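This report describes helix packing, aromatic pairs and selected residue environments in a single protein chain. The sequence and structure are shown first.

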Amino acid sequence: MEKAKDFIAKNTVMIFSKSYCPYCTKVKQLFQGLGVNFTAVELDQIADGSEIQAALKQITGGTTVPRVFIDSEHIGGNDDTQNLHKKGGLVPKLTAAGVTVKQ
């Protein structure tokens with residue numbers, strides 16, 4: 001639990017991902033397209049990935065990836081993040097967190 005919380009606290013834009021997940025790829029491409037620096041932890045490529053995923057369930061109530069956090073706030077998964085962007089809410093949230101966004 002502490003490792004997951006530490007990742008969230010230390011990274012303004014934090015994505016918990018799995019390398020083979022197409023939804024994870026889509027959300028990372030969204031942030032890349034916006035020119036946003038983010039940290040992604042590929043849970044399938046680290047030894048304690050399943051423990052971190054279990055901690056994320058306790059933190060967010062969900063078990064699927066991606067799990068996206070901006071300024072320690074859980075945004076949701078790919079659909080939630082994409083919808084927030086389509087409604088015009090993602091860029092202001094990033095900007096408020098001090099993240100530079102390419103327009």
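Which residues does Ala4 touch, not counting residues up to four places away in sequence? The model examined here is predicted. In this model, Ala4 touches Phe16, Ile52, Ala55, Leu56 and Ile59 under that condition.

## The environment of Ala4

Ala4 lies in helix H1. With a relative accessible area of 1%, Ala4 is buried, the cut-off for that class being under 20%. The C-alpha atoms of Ala4 and Asp44 are 15 Å apart in space, and the two residues are separated by 40 residues in sequence.

## Packing of H1 against H3

Ala4 also takes part in a helix-helix contact. Helix H1, residues 2-10, packs with helix H3, residues 49-60, at an angle of about 70 degrees, and their axes are 8 Å apart. H1 and H3 are therefore roughly perpendicular to each other, since angles of 65 to 115 degrees fall in that class.

On the H1 side, the contact is made by Lys3, Ala4, Lys5, Phe7 and Ile8; H3 contributes Ile52, Ala55, Leu56 and Ile59. By class, the residues of this contact comprise seven nonpolar and two charged, with no polar residues.

## Gln53 in H3

Helix H3 also contains Gln53. Its relative accessibility is 18%, so Gln53 counts as buried. Leaving aside residues up to four places away in sequence, Gln53 touches Lys18, Leu43, Thr63 and Val65.

## Packing of H2 against H4

A second helix pair is formed by H2, residues 22-33, and H4, residues 78-86, which pack at an angle of about 30 degrees with their axes 9 Å apart. That angle makes H2 roughly parallel to H4, because angles under 35 degrees are classed in this way. The crossing of these two helices, H2 and H4, is left-handed.

In this contact, Tyr23, Lys26, Val27, Leu30 and Phe31 of H2 meet Asn78, Thr81, Gln82 and His85 of H4. The contact of H2 with H4 has four nonpolar residues, four polar residues and one charged residue.

## Aromatic pairs

How many aromatic pairs does the structure hold? There are three aromatic pairs. A pair of aromatic rings is described by the distance of the centres and the angle of the planes. For Phe16 and Phe69, the ring centres are 5.9 Å apart and the planes stand at 85 degrees, so this pair is edge-to-face. The pair links distant parts of the chain: Phe16 is in strand E1, residues 13-17, and Phe69 is in strand E3, residues 67-70, with their positions 53 residues apart. Phe16 and Phe69 are both buried.

For Phe31 and Phe38, the ring centres lie 6.1 Å apart and the planes are at 50 degrees, so the pair is tilted. Are the two residues buried or partly exposed? Phe31 counts as buried because its relative accessibility is 0%, whereas Phe38, with a relative accessible area of 22%, is partly exposed.

## Links between the elements

Phe7, Phe16 and Phe69 form one aromatic cluster. Phe7 is also one of the H1 residues in the contact with H3, and Phe16 is among the residues touched by Ala4. Phe31 likewise has two roles: Phe31 belongs to the H2 side of the contact with H4, and its ring pairs with that of Phe38.

Terms used
Residues numbered from 1 in each chain as written. Predicted model: local features only at pLDDT ≥ 70, side-chain atom pairs only at ≥ 80, totals over all residues. Heavy atoms only, no water. Axes fitted to C-alpha atoms, helices over the stretch in contact; angles between N-to-C directions. Helix = DSSP H or I, 4+ residues; strand = E, 2+ residues; numbered from the N terminus. Parallel < 35°, antiparallel > 145°, perpendicular 65-115°, else oblique. Left-handed = near helix turned anticlockwise from the far one by under 90°. Contact = heavy atoms within 4.5 Å. Nonpolar A, V, L, I, M, F, W, Y, C, P; charged D, E, K, R; others polar. Phe/Tyr/Trp six-rings, centres within 6.5 Å; stacked < 30°, edge-to-face > 60°. Buried < 20%, exposed > 50% of the residue type's maximum accessible area, 1.4 Å probe, protein only.
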